[in-house]
Amino acid sequence: MIKMVDLYPQYAEIRAELDNSIRKIVHDSAYIKGEEIGELEKNLANRLNVKHCVTCANGTDAITLSLMAIGLERGDEVILPAFSFAAPAEAVILLGGKPVFAEVDSSTFNIDLKSVERLITPRTKAIIAVHLFGQPCDMNALMSMVRHSDIKVIEDNAQSLGSICIMDGNKRQYAGTIGDIGCTSFFPTKPLGAFGDGGAVFTADDDLAERIRALASHGQRYRYTHTYVGINSRIDTVQAAVLLAKLPLLSHWNTMRIEAADRYSESLAYIPEVKIPKKSLFATHIFHQYTIKVSADMRDPLRVFLNKAGIQTMVYYPTALHLQPAYRNICGRDADLSVSENLCDSVLSLPIYSHISGDTQNNIYSHIKNFFKK
Ligand SMILES: *Cc1c(COP(=O)(O)O)cnc(C)c1O
């Protein structure tokens, strides 16, 4: 079976170093709040060229903590994409806010800023820009749109850590460091993956950073002084050690995935029924997912055909968020979300990971070609 991801080769590259540091943590029994955590935060902030990094338990908590830190209140509206993972919408609702779903662009799968503009009201507290599948949103345009307002921009960078946005005057800035707050996840399959869960928040703002750090630790600014009503959200020392060992290889592994995506695109471009993913002009795409589009009537049969040939594929995402049973009656939305709805019927993500071989990809390509030949 060709699986969507094979993470073992990444471990093989860092095995000696990582086994040593895990052994040390076990020896010292410093499972919680070990020194590796502070080191990881420092290295991540340096790597992404941003002032503050605060780690937490997972990417969903990173978003929740960000919304708490900006002071989201009951009834506040948060604009976010309808074609996306559910975590940001869920965080908004659990804090008493109202998600307002915007349309996405059919070729980049990212939030459509014209739709965002239509949805802004005096109650809009924040916009969550999800950088989907490895490619950032148009942050330049988004930041100009909110420049003269109090609306906060939170970047959900769970899928695009290490990708770069080309801002005004050709300034290159890492995705997740441009809005007021950036969030990421260290779920094992994400660009920087732990051996379990983990997450982090990035910001240039001293106040927000301090508040997020306290909120993640039961609201404590000082031990046993609970300044805020917070949560308990921390990364394990072992996970921090894994990420510390992997971080120096992040851009190498991202480049390997970009090369794998280019190999797919070079061959798949010759199959007229397949639309290959588009790279935008204003950002780099690190291909957390390689997502093709085919006509809605062909998508599921292609998936079944590939599965029978031993090739796993995934549909990210099969249902738009405004149509989800838990959200549909409590969300706001743009009137027309047909692009998001249609994408759910036509997208298909193929196996991609840093160490996928050209031979494996050729094999996958041949089966896709055979499917459409019939
Ligand atoms: C993975 C992911 C999250 C949530 O991360 P967890 O660490 O699983 O909580 C949030 N948003 C997006 C876009 C994701 O892909």
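In this predicted model, a side-chain N or O atom of K190 lies 3.0 Å from an oxygen atom of the ligand. Two other residues have side-chain atoms placed in a similar way. For S185, the separation between a side-chain N or O atom and an oxygen atom of the ligand is 2.7 Å. For T60, a polar side-chain atom is 2.5 Å from an oxygen atom of the ligand. On its own the ligand has 380 Å² of accessible area, and the protein covers 91% of that area.

The surroundings of the ligand can be listed by residue. Around the ligand are N58, G59, T60, F85, A87, V130, D156, A158, Q159, S185 and K190. By type, this shell divides into 4 nonpolar, 5 polar and 2 charged residues. T60, S185 and K190, described above, belong to the list, and so does F85.

F85 leads from the ligand to the aromatic residues. The structure holds 13 aromatic pairs. One pair to look at first is in a helix: Y8 and Y11 are arranged edge-to-face, with 5.5 Å from centre to centre and 70° between the planes. The pair counts as edge-to-face because the angle between its planes is over 60 degrees. Both residues lie in helix α1, which spans residues 8-28, and they are 3 residues apart, about one turn of the helix. How exposed or buried are the two rings' residues? Y8 has a relative accessible area of 48% and is therefore partly exposed, while Y11, at 16% relative accessibility, counts as buried.

The second pair brings the reader back to F85. F85 and Y317 form a tilted aromatic pair, 6.2 Å from centre to centre with 35° between the planes. Where in the chain do F85 and Y317 lie? F85 is in the loop between β2 (77-81) and α4 (87-94), and Y317 is in the loop between α10 (296-308) and β13 (332-333). The two residues are 232 residues apart, so this pair links distant parts of the chain. F85 is partly exposed, at 45% relative accessibility, whereas Y317 counts as buried because its relative accessibility is 11%, which is under the 20% cut-off.

F85 and Y317 also belong to a wider group. Together with F83, F109, F133 and Y316, they form one aromatic cluster. F85 thus appears in two places in this account: among the residues around the ligand and as a member of the aromatic cluster.

Note on methods. Residues numbered from 1 in each chain as written. Predicted model: local features only at pLDDT ≥ 70, side-chain atom pairs only at ≥ 80, totals over all residues. Heavy atoms only, no water. Phe/Tyr/Trp six-rings, centres within 6.5 Å; stacked < 30°, edge-to-face > 60°. Helix = DSSP H or I, 4+ residues; strand = E, 2+ residues; numbered from the N terminus. Buried < 20%, exposed > 50% of the residue type's maximum accessible area, 1.4 Å probe, protein only. Near = heavy atom within 4 Å. Polar contact = N/O pair within 3.5 Å; in protein donor to acceptor, adjacent residues only side chain to side chain. Areas by Shrake-Rupley, 256 points an atom, 1.4 Å probe, with all protein chains shown as cover. Nonpolar A, V, L, I, M, F, W, Y, C, P; charged D, E, K, R; others polar.
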